[in-house]
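Trainee: I've got a model open and I'd like to learn how to read it feature by feature. Can we walk through it together?

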Amino acid sequence: MSQILFHYQRPDPVTWVYLSSLLIIGLFFVFYRVWSLRNVDILLLLLLSPGLLMVHEGRQLRVAGETIVEAAHPPQATMPPEIADRIEAATPDELLGMADATAPTAPPEVLVAGVNVADVERWGFIWLLGVAGLICIRMILDPILVRRPLLDPNLSTGGLSFIGIAMFIFLMANVITSTAEIQAAQGPKPGPGYPLVNRLPAIPTTPDAEIAGEVQPVRYAGLARALAIASQLATVLGVVFIGQFHFKNIRAGVGAAALYLLLPYTAQTTGRVDHVLPAALLIWAVFCYRRPILSGVFIGLAAGLVYYPLFLLPLWVSFYWQRGLRRFMYGVGLTVAVLAALLFLGERDLIFDRVQQMFGLWLPVTKGLAGIWGLGWNPIWRLPILVAFGVLSGFFAFWPGQKNLGTLMSCSAAVMAAAQFWHGYGGGLYVAWYLPLMLLTVFRPNLEDRIALKVIGNGRKRIGINELGADSEAA
C-alpha cells in the first residue's frame with residue numbers, strides 16, 4: 001500500500017495534449033467575448049501541439065525503423081584499412097568535410113507499419129513553421145493595436161499560483177529522473193552557438209523518448225539538468241516579476257507563467273537547455289530594460305550562447321537610441337568578449353573553430369542539415385529566406401518609430417519566431433525562444449508611456465529590486 005501513491009507515470013504526449021488543452025481553454029478562454037483577440041492567441045498556442053506530436057511520432061517511428069533495419073542487417077565490425085587510416089589522419093575540418101560529403105541530400109525512405117516516417121516528420125515541421133508564421137504576423141501587428149481591454153484569467157491569483165507551482169514541481173521531477181541523451185537522440189544537432197551549450201546532452205521528459213537497454217554515462221548530464229531547472233525557474237519568475245513590476249498586475253504575470261507551464265511544448269522540452277536558456281535570458285533582458293547595461297548583458301549572453309538573438313540588436317539599439325545606448329552596447333560587447341575569451345582556455349588548435357562556431361562565421365550551410373531542410377526541402381531556398389529575415393530584423397530599427405516596452409516584447413518575439421524558418425537544425429521546434437515573450441504580449445496592458453526617455457535614469461543611482469524592475473505610476 002505504501003507504494004501506491006508514489007507510482008507516478010508520465011502522461012503520454014497525446015494524452016497530455018488533450019488534458020492540458022482543455023485546462024488551458026477553461027482557465028484562459030474569454031467565454032463572454034468569443035471573438036476577442038485573447039481567444040485568437042489561445043488558439044494559436046494550441047495549434048502548436050499537432051505539429052509537435054507529428055515530429056515526435058516521426059522520430060519515434062524512425063528509431064523503431066532503424067532498430068528493425070539494424071537487427072536484420074547488422075553493421076560490419078570492421079572497415080577497409082585505407083578508410084580507417086584516412087579517418088585517423090584527418091584534421092577536424094577534414095572530418096567535417098567527409099561528413100558533409102557523405103550526408104544524404106534526402107532522407108532514406110523508412111516504412112513502419114506502411115507509414116513513411118519522413119512524411120510524418122516533414123508535415124510536422126511544415127505545421128510548426130506555418131503556426132510560427134502566423135505568430136510572427138500577430139506579433140508584428142501588435143504595436144498598432146491600441147485598445148487592450150483587461151481580460152483576466154478565469155481563476156484567482158491564488159488558484160493560478162497553486163496550479164503553476166504544482167506543474168513546475170512535476171516538470172522538474174521529470175528532468176531529475178530522466179536519463180540524459182546526446183543531442184542527436186532527442187532532436188537535431190544544434191547549429192552555430194557556444195561550443196559548451198552545443199555539447200550539453202538532452203534530457204528527454206516524454207515517457208517513450210528514453211533509449212531502451214543499457215544506460216551509458218553521458219558527459220555534462222548533471223550540468224544539463226541544473227541549467228535546465230535553473231533556466232525554467234528563471235523564465236517563470238521573470239514572467240511573474242514583469243507582471244508585478246511593469247504591468248502592475250500580478251494576476252497577469254502569474255497567468256502567463258501558468259499558461260507557459262501548462263502548454264504541451266513545455267512538457268516535451270523541459271530538459272532542453274538550448275531551448276529554455278535563451279528564453280530565460282531574453283525574459284530577464286526585458287525585465288531589466290530600465291537598466292540598459294543589465295539588459296545588454298542578458299542580450300549578449302543569449303546571443304553568445306545560441307547566436308540567433310544577435311538579430312535582436314537593431315530593435316534594441318533603436319529602443320535605446322535616445323537614451324541608454326552606450327550603456328546597452330557596453331553590456332552586450334563586454335559579455336560577448338568575455339564569452340569569446342573563455343574559448344581560449346581550451347585546446348589552442350581548436351580556438352578558431354570554436355570562435356567560428358560561436359559567431360556563425362561561415363557561409364550558409366547546404367549539407368548535413370536537419371529539420372525541414374533535411375527532410376526534402378532544397379537547402380538552396382534558405383538563402384532568400386535568410387535575406388528576408390535580415391531585412392525584417394533591420395526593419396525593426398525604423399518601425400515603429402516610437403518604441404516602448406510593449407514593442408520590445410512583441411517585436412523580439414516576432415524576430416525569434418521568424419528565425420525558425422532559416423534555422424537549419426530543427427527550425428520550428430525552438431518555440432521557447434519566442435513563447436514567453438508572446439505570452440507577455442498577450443497579457444500586457446497598454447505600455448505606450450514606457451519609452452526610454454521617461455523610464456531610464458542617468459545610471460548613477462544605486463539599484464534595488466524595486467528600482468530595477470518597477471515602473472513609476474508617473475511614467
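Trainee: Leaving aside neighbours within four places in sequence, which residues is Leu52 in contact with?

Mentor: Ground rules before that: this is a predicted model, where local features need pLDDT of at least 70 and side-chain atom pairs count only at pLDDT 80 or more, while totals for chains, interfaces and linings use all residues. Residues are numbered from 1 along each chain as its sequence is written, and side-chain values use heavy atoms, with hydrogens and water left out. Now, contact means heavy atoms within 4.5 Å. With neighbours within four places set aside, Leu52 is in contact with Leu128, Tyr265, Gln268 and Leu429. Tyr265 is 213 residues from Leu52 in sequence, yet their C-alpha atoms are 7.3 Å apart.

Trainee: Where is Leu52 found, and does it count as buried or exposed?

Mentor: Buried means under 20% relative accessible area, exposed over 50%, and partly exposed in between, using a 1.4 Å probe and protein chains only. Leu52 has 4% relative accessibility, so it counts as buried. It is found in helix α3 (residues 48–72); helices here are DSSP runs of H or I with at least four residues, numbered from the N terminus.

Trainee: How do I read one helix, say α1, by its faces?

Mentor: An α-helix has 3.6 residues a turn, so residues three or four places apart point the same way. In α1, the buried residues are Pro13, Trp16, Val17, Ser20, Ser21, Ile24, Leu27 and Phe28. Seen down the axis of α1, they fall within an arc of 135°, so they line one face of the helix; that arc is taken over the directions from the helix axis to the C-beta atoms. The face turned away from the buried side of α1 carries exposed Tyr18 and Leu22.

Trainee: What span should α1 have, and what does it have?

Mentor: The expected span is 1.5 Å times one less than the number of residues. For the 16 residues of α1 (residues 13–28) that gives 22 Å, and the end C-alpha atoms are 21 Å apart, which agrees.

Trainee: Which residues touch the most other members of the largest nonpolar core?

Mentor: In soluble globular proteins, nonpolar side chains tend to be buried together. A nonpolar core is a set of buried Ala, Val, Leu, Ile, Met, Phe, Trp, Tyr and Cys residues joined through side-chain atoms within 4.5 Å. The largest one has 124 residues, and Phe28, Leu259, Ile299, Trp316 and Tyr434 touch the most other members. Helix α13 (residues 273–287) gives the most to this core, with 11 residues. Beyond four places in sequence, Trp316 touches Ala285, Val286, Ser295, Ile299, Phe328, Leu408 and Ser412.

Trainee: What about odd backbone geometry?

Mentor: Most residues other than glycine have a negative phi, and most peptide bonds are trans. Here, Trp399 and Pro400 are joined by a cis peptide bond with omega about -10°, and Pro400 lies in the loop between α18 (382–395) and α19 (405–418). Lys248 has a positive phi, near 55°; its place is the loop between α10 (221–246) and α11 (250–262), and at 39% relative accessibility it counts as partly exposed. Tyr307 also has a positive phi, near 75°, and sits in the loop between α14 (292–306) and α15 (313–319). At 11% relative accessibility, Tyr307 counts as buried.

Notes. Helix = DSSP H or I, 4+ residues; strand = E, 2+ residues; numbered from the N terminus.
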